[in-house]
Amino acid sequence: MIKLANGLKTRVLDTRGDKPTLVLIHGLANAIEIWSRVLPRLTERFRVIAFDLPGFGQADRPVAAYDSAFFVEQLKTLFDTLQIGRAHLVGSSLGASVIVRFSDENLERIDRAVLAAPGGFGRETHPMMRFPALPIVGDWVGRPTPANNRLTLRLAIHDRRKVTPELIEQTNQYARVRGSDLSFVRTLQTGVGLFGVRERDSFELLARRFARPALVVWGRQDRVFPTRQSERAAMLLPLSERLLIDHCGHYPHWEQPEVFATAVDRFLSKGTQA
């Protein structure tokens, strides 16, 4: 555990060394462990840094807005705390959206980026993601209970055999930490309303200005954000490539780790100096 420059405590995995730096940013209700299946491959060529976004995993859960500005601050503060000047960034879902938002004032700190199914390139999302926006009862029905966690994982992961008991228990363990109801529900509510994804115009404006090489990755069976949103992402991001992965839902790094890690390695290595 480390204390970030803003006073919040979080868990950081840092392989250190003099290799090019790669920072991993997980998605909603995930933690460092969600990267475990791709870490062995990525650490061969990169200094890999992964951390629990405050609000999730083993990190602090402050009383906060849990909006895009909050998460951008956490990524910026991680850079500042670890004295990272510039790095490759790989983000999943919420984490990928944070990268785009982070670029607004920190583009010079990004080398290349891999964006795995970020929200913001379309209004549509699964109805389950909209439940917390319901008036009066939204805070209650959106809580990360064991039943809701199982449903969420089955929504995100295409092959149910990969919704392992270990992943379910880990998700439940972190959801039991005090403050998790607030962080989970507020993160959803600030990102998704009753009519779908919020703040798309400002997000797409930043995407158009994202003057860094970006690899857009989507699972063909993604039920959280439809695969067709990857087409708009590739159209708006000025220096982008697109990869669609078969037999894969919302977590390509978990469901298809070899395919994902190989693609990330190849893409980031294009911009890596020996």
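A residue counts as buried when its relative accessible area is under 20%. Gln256 has a relative accessible area of 18%, so Gln256 is buried. This is a predicted model. The points below cover aromatic pairs, charges over rings, one helix packing, positive phi angles and selected residues.

**Aromatic pairs**

- The model holds 6 aromatic pairs.
- Phe56 and Phe71 form one that is stacked, with 6.4 Å from centre to centre and 20° between the planes.
- This pair links distant parts of the chain, its two residues being 15 residues apart. Phe56 lies in the loop between β5 (47–51) and α2 (68–81), and Phe71 lies in helix α2.
- Phe56 has 4% relative accessibility and so counts as buried.
- Phe71 is buried as well, because its relative accessibility is 1%.
- Tyr66 and Phe70 make a tilted pair, because their planes stand at 55° with the ring centres 4.7 Å apart. A stacked pair would need planes under 30 degrees apart, and an edge-to-face pair over 60.
- Tyr66 and Phe70 are both buried.
- Phe56, Tyr66, Phe70 and Phe71 are joined into a cluster by ring pairs.

**Charges over rings**

- Arg37 places its charged end over the ring of Trp254, at 3.9 Å from the ring centre.
- Phe267 has Arg112 over its face, 4.8 Å from the ring centre.

**Packing of α2 and α3**

- Helix α3 spans residues 94–106, and its axis comes within 9 Å of the α2 axis. The two axes cross at roughly 75°.
- α2 is therefore roughly perpendicular to α3. The class covers angles from 65 to 115 degrees.
- On the α2 side, the contact involves Ser68, Phe71, Val72, Leu75, Lys76 and Phe79. On the α3 side, it involves Leu94, Val98, Arg101, Phe102 and Asn106.
- The contact residues divide into 7 nonpolar, 2 polar and 2 charged.
- Phe71 thus appears both in the stacked pair with Phe56 and in the contact with α3.

**Arg101 in α3**

- Arg101 belongs to helix α3.
- Its relative accessible area is 15%, so Arg101 is buried.
- Beyond residues up to four places away in sequence, Arg101 touches Ser68, Val72, Glu199, Ser202, Phe203 and Leu206.
- Among these partners, Ser68 and Val72 are α2 residues that meet α3.

**Positive phi outside glycine**

- Arg16 is not a glycine, yet its phi is positive, at about 60°.
- Arg16 sits in the loop between β3 (12–14) and β4 (21–25).
- Arg16 counts as exposed, because its relative accessibility is 59%. The cut-off for exposed is over 50%.
- Ser93 is another residue other than glycine with a positive phi, near 55°.
- Ser93 is found in the loop between β6 (87–92) and α3.
- Ser93 counts as buried, because its relative accessibility is 10%.

**Gln256 and its surroundings**

- The loop between α10 (252–255) and α11 (257–269) holds Gln256.
- Leaving aside neighbours within four places in sequence, Gln256 contacts Lys162, Ile245, Asp246, His247 and Cys248.

**Gly219 in β10**

- Gly219 is part of strand β10, residues 214–219.
- Gly219 is buried, because its relative accessibility is 1%.
- Outside its neighbours within four places in sequence, Gly219 is in contact with Thr227, Ile245, Cys248 and Gly249.
- Ile245 and Cys248 appear among the contacts of Gly219 and among those of Gln256.
- From Gly219 to Pro132, the C-alpha to C-alpha distance is 25 Å. The two are 87 residues apart in sequence.

**Gln189 in α7**

- Gln189 lies in helix α7, which covers residues 180–191.
- Its relative accessible area is 22%, so Gln189 is partly exposed.
- Gln189 and Phe131 are 58 residues apart along the chain, with their C-alpha atoms separated by 9.0 Å.
- Not counting residues up to four places away in sequence, Gln189 touches Pro132, Gly138, Asp139 and Arg198.

Technical notes
Residues numbered from 1 in each chain as written. Predicted model: local features only at pLDDT ≥ 70, side-chain atom pairs only at ≥ 80, totals over all residues. Heavy atoms only, no water. Phe/Tyr/Trp six-rings, centres within 6.5 Å; stacked < 30°, edge-to-face > 60°. Helix = DSSP H or I, 4+ residues; strand = E, 2+ residues; numbered from the N terminus. Buried < 20%, exposed > 50% of the residue type's maximum accessible area, 1.4 Å probe, protein only. Lys NZ or Arg CZ within 6 Å of the ring centre and 35° of its normal. Axes fitted to C-alpha atoms, helices over the stretch in contact; angles between N-to-C directions. Parallel < 35°, antiparallel > 145°, perpendicular 65-115°, else oblique. Contact = heavy atoms within 4.5 Å. Nonpolar A, V, L, I, M, F, W, Y, C, P; charged D, E, K, R; others polar.
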